[in-house]
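Welcome! Here are some short exercises to work through with the model on your screen. Try each task yourself before reading its solution.

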Amino acid sequence: QELSASGQEVKTDLFLNVGSVRAEVKSSSSVRNDFTVRSANSTASVRGTVIDAAIIGGGGSMQTMAWDGKATVSDTQTGKELQVGTRKGSQEGDQGE
């Protein structure tokens, strides 16, 4: 877990091993937010949205929902990326299908 701020950027990096998290990341013209949620198998990067992320099953798969904007979800093993938008969700295991 990391939270840092430097001038024009606020960076948050959260590792989610179990459970779930909801975060509201607000965008601003003067400050850039770099918000990332990671699991053993995937990474979700957010820019100005509300995101729900939850670990499902025992394999570290992460279910991600972006409610008010977009998030990018990537598989840490294959590098494949998926854009998640308003009221749509992705499960890390579904990316390659």
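Helices (H or I, at least four residues) and strands (E, at least two) are DSSP runs, numbered from the N terminus. You are looking at a predicted model, in which local features need a pLDDT of at least 70 and side-chain atom pairs count only at pLDDT 80 or more, while totals for chains, interfaces and linings use all residues. Residues are numbered from 1 along each chain as its sequence is written, and side-chain values use heavy atoms, with hydrogens and water left out.

**Exercise 1. Find the elements of the chain and say how confident the predictor is.**

Step 1: Count the elements. The chain has 10 strands and 0 helices.

Step 2: Look at the confidence. The pLDDT (the predictor's confidence in each residue, from 0 to 100) averages 77 over the chain, and 80% of the residues score at least 70.

Step 3: Find the extremes. Strand β3 has the highest mean confidence, at 87, and strand β10 (residues 88-91) the lowest, at 46. Residues 88-97 have a pLDDT below 50, although this stretch makes 27 contacts in the model beyond near neighbours in sequence; a contact means heavy atoms within 4.5 Å. Where pLDDT is low, the predicted coordinates should not be read in detail.

**Exercise 2. Place Gly48 and describe its surroundings.**

Step 1: Locate the residue. Gly48 sits in the loop between β5 (42-47) and β6.

Step 2: Check its accessibility. Buried means under 20% relative accessible area, exposed over 50%, and partly exposed in between (1.4 Å probe, protein chains only). With a value of 23%, Gly48 is partly exposed.

Step 3: List its partners. Setting aside residues up to four places away in sequence, Gly48 touches Val25, Lys26, Ser27, Asp68 and Gly69. For one of these, Lys26, the C-alpha atom is 4.5 Å from that of Gly48, and the two residues are 22 apart along the chain.

**Exercise 3. Find the salt bridges and say which parts of the chain they join.**

Step 1: Apply the rule. A salt bridge is a side-chain nitrogen of Lys or Arg within 4 Å of a carboxyl oxygen of Asp or Glu. The structure holds 3 of them.

Step 2: Take Asp13 and Arg38, whose side chains meet at 2.8 Å, N to O. Asp13 belongs to strand β2 (residues 9-15) and Arg38 to strand β4 (residues 32-38), so this pair ties together parts 25 residues apart in sequence. Asp13 is buried, at 17% relative accessibility, while Arg38 is partly exposed, at 32%.

Step 3: Move to Arg22 and Asp52, which form a salt bridge of 2.5 Å, N to O. Arg22 is in strand β3 (residues 20-25) and Asp52 in strand β6 (residues 49-56), so the pair links parts that are 30 residues apart in sequence. Arg22 is exposed, at 57%, whereas Asp52 is buried, at 18%.

Step 4: Finish with Glu24 and Lys26, joined at 3.7 Å, N to O. Glu24 is exposed, at 56%, and Lys26 is exposed too, at 57%.

**Exercise 4. Describe the largest nonpolar core.**

Step 1: Know what to look for. A nonpolar core is a set of buried Ala, Val, Leu, Ile, Met, Phe, Trp, Tyr and Cys residues joined through side-chain atoms within 4.5 Å.

Step 2: Pick out its central members. The largest core has 15 residues, and Phe35, Val37, Val46, Ile51 and Met62 have the most contacts inside it.

Step 3: Trace the contributors. Two or more residues come from each of β3, β4, β5, β6, β7 (61-66) and β8 (70-75), and β6 gives the most, with 3 residues.

Step 4: Zoom in on Val46. Apart from neighbours within four places in sequence, Val46 contacts Val25, Asn33, Phe35, Ile51, Lys70 and Ala71.

**Exercise 5. Which backbone nitrogens does the side chain of Asp75 reach?**

Step 1: Place the residue. Asp75 lies in strand β8.

Step 2: Search for an opposite charge (Lys and Arg count as positive and Asp and Glu as negative; His and the chain ends are not counted). Asp75 is buried but has no salt bridge, and the nearest side chain of opposite charge, Lys80, is 7.6 Å away.

Step 3: Turn to the backbone. A polar atom of the Asp75 side chain lies 2.7 Å from the backbone nitrogen of Gln77, and the Asp75 side chain also reaches the backbone nitrogen of Thr78, at 3.1 Å.

Technical notes: A polar contact is a pair of N or O atoms within 3.5 Å; within protein, one must be able to donate a hydrogen and the other to accept it, and residues adjacent in sequence count only if both atoms are side-chain atoms.
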